[in-house]
Amino acid sequence: MIKYLWDPANAITTVGLLCSSVSLFFALSEHLELAVAMALWAVLSDHLDGLVAANTKNRDPDAAKMGKSLDGFGDMIYGAVLPAAIVIQISHASLLALATATALLVAGAIRLSYFANFGKSSDGRFLGLPLSYDVPLLALLFLLQPLIPAEWFAGVVNICFSLLAVAHVASIRVPSPNMTMYAAVIIFAVASAAALAGRSFQTPVGGFR
């Protein structure tokens, strides 16, 4: 089964999984800004593997099937598990964080299961907000953290991600990303990851000033 990882798109997906693992390590170690920075690289991998898969000629059908499943597991980890773990850490394992994390995980599983079975709608749009929006929102909240009163930050994060969990399973149609959006995601992810990683060395453990 390891041989399928030699497929270029699957190799990129695997790199994303490794980034997610490092991100989870940082999250559990309470280096939250580093955790979000690494999670952004998992997002980049998720966007790039699809582009590579679509442009790989004569791709092995078995490698494509393996990649589809691997990509789904990767999406669940970086799109739901990581944000849930970081929300719990931000909120110091409060009951509110438990509710938010549970909502994220359940909504993420439902969203990915639906997509795996039914795919996009007939007009080429996603039904429900894709999980790939979670980490960029988390990065944006961390970048804005200095502007948010410290005592409000955990509450703001929980509210945002509770709403996001609802959006994942809501009957809303989201356009597929085009090349302009892919470029914007890449620029945002790289710039945000660099900013958060640099700021983490000036921030106490836990990600709060």
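**Exercise 1. Find how many cavities of 30 Å³ or more the structure holds, and describe the largest cavity.**

Step 1. The structure holds one cavity of 30 Å³ or more. This is a predicted model: local features need pLDDT of at least 70, side-chain atom pairs count only at pLDDT 80 or more, and totals for chains, interfaces and linings use all residues. Residues are numbered from 1 along each chain as its sequence is written, and side-chain values use heavy atoms, without hydrogens and water.

Step 2. Fix the term. On a 1 Å grid over the protein atoms alone, a cavity is a set of points where a 1.4 Å probe fits but cannot get out; lining residues have an atom within 4 Å of a point.

Step 3. Take the volume, the space filled by probe spheres set on the points. The largest cavity has about 70 Å³.

Step 4. Read the lining. Among its residues are Asp46, Asp49, Asp71 and Asp75. H1, H2 and H3 each supply at least two residues. Helices are DSSP runs (H or I, at least four residues), numbered from the N terminus.

**Exercise 2. Describe the largest pocket and its lining.**

Step 1. A pocket is an open set with protein on both sides within 12 Å along at least five of seven lines. The volume of the largest pocket is about 1,200 Å³.

Step 2. Its lining has 46 residues; Asp46, Asp71, Asp75, Phe115 and Phe126 lie nearest the centre. H3 gives the most, ten residues.

**Exercise 3. Is tryptophan 41 buried, partly exposed or exposed?**

Step 1. Locate tryptophan 41: helix H2.

Step 2. Buried means under 20% relative accessible area, exposed over 50%, partly exposed in between (1.4 Å probe, protein chains only).

Step 3. Tryptophan 41 has 37% relative accessibility, so it is partly exposed.
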